[in-house]
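Visitor: I would like to go through the aromatic pairs and the nonpolar residues of this model. Please give the reasoning with each answer.

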Amino acid sequence: MKTVGRTVCENVRDRPFDFYVAFLLFIAGLFALFSDSWPESMNDMAVIVMINVISVYYVIAGAVIMLSLGCNRRKHPVVALTGEMYGWMGIAAASIATVIMYIWSAFVHNPQSLVVWILMVCIWAGMGTASTVRFLDLRLVYRGLHK
């Protein structure tokens, strides 16, 4: 058991920020799924279902990234690389869907605070951009191994 813990810590130590972001998105997805107060002002069932689907994407993608960062890269290189690659792809898809929902909500309902709305759109757009770049970077590494 000590060697498993040591291996996980060594692998996570290589990229702690990736693990931290995946953990935060995993927790945010769980909160959105199980919180009674979220979504607080939504009466439209289609929007609530869409928010729950996006939350499931965050939970699954965050878990896949955390597991792939924690696995032994020498023994399971394919699991580590593809898990992280597709995990970031899932985070990118969910982040882009979140940005689209924020933009749609601005057309349907006026945002209560324009500053908060712009900040949230910038945060999720940045997350979508960063995770897309990370996915494409890992994809280039994966394709380079097959040549």
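Visitor: Is F17 buried or exposed?
Guide: The model is predicted, and the values are computed from it. Exposed residues have over 50% relative accessible area. For F17 the relative accessible area is 58%, so F17 is exposed.

Visitor: How many aromatic pairs does the structure hold?
Guide: One of the pairs joins F17 and Y20, with ring centres 6.4 Å apart and 40 degrees between the planes, a tilted arrangement. Another, also tilted, joins Y58 and W124, at 5.4 Å centre to centre and 35 degrees between the planes. The number of aromatic pairs in the structure is two.

Visitor: About how many helical turns separate F17 and Y20?
Guide: Both residues lie in helix α2, which covers residues 16-34. They are three residues apart there, so the separation is about one helical turn.

Visitor: Is Y20 exposed or partly exposed?
Guide: Y20 lies in helix α2. A residue needs over 50% relative accessible area to count as exposed, and buried means under 20%. Y20 has 45%, so Y20 is partly exposed.

Visitor: How much accessible area does the surface patch with F17 and Y20 have together?
Guide: The patch is nonpolar and also includes F23, L24 and I27. Together, its residues have an accessible area of about 510 Å².

Visitor: How many residues apart are Y58 and W124, the pair that links distant parts of the chain?
Guide: Y58 is in helix α3 (residues 45-70), and W124 is in helix α5 (residues 114-145). Y58 and W124 are both buried. Along the chain, their separation is 66 residues.

Visitor: Which helix supplies the largest share of the largest nonpolar core?
Guide: This core has 26 residues, and L25, I54, Y58, I65, W88 and I91 touch the most other members. Helices α2, α3, α4 (77-108) and α5 each supply at least two of its residues. The largest share is nine residues, and it comes from α3.

Visitor: Which residues does L25 touch, not counting those up to four places away in sequence?
Guide: L25 is among the core residues that touch the most other members. With residues up to four places away in sequence left out, its contacts are Y58, I91, W124 and M127.

Visitor: What is the relative accessible area of S95?
Guide: S95 is found in helix α4. Not counting residues up to four places away in sequence, S95 touches Y58, W124, M127 and G128. S95 is buried, and its relative accessible area is 0%.

Notes
Residues numbered from 1 in each chain as written. Predicted model: local features only at pLDDT ≥ 70, side-chain atom pairs only at ≥ 80, totals over all residues. Heavy atoms only, no water. Phe/Tyr/Trp six-rings, centres within 6.5 Å; stacked < 30°, edge-to-face > 60°. Helix = DSSP H or I, 4+ residues; strand = E, 2+ residues; numbered from the N terminus. Buried < 20%, exposed > 50% of the residue type's maximum accessible area, 1.4 Å probe, protein only. Core = buried A, V, L, I, M, F, W, Y, C linked by side-chain atoms within 4.5 Å. Contact = heavy atoms within 4.5 Å. Patch = residues over 30% accessible without salt bridge, like charges linked within 9 Å, V, L, I, M, F, W, Y side chains within 5 Å. Areas by Shrake-Rupley, 256 points an atom, 1.4 Å probe, with all protein chains shown as cover. Salt bridge = Lys/Arg side-chain N within 4 Å of Asp/Glu carboxyl O.
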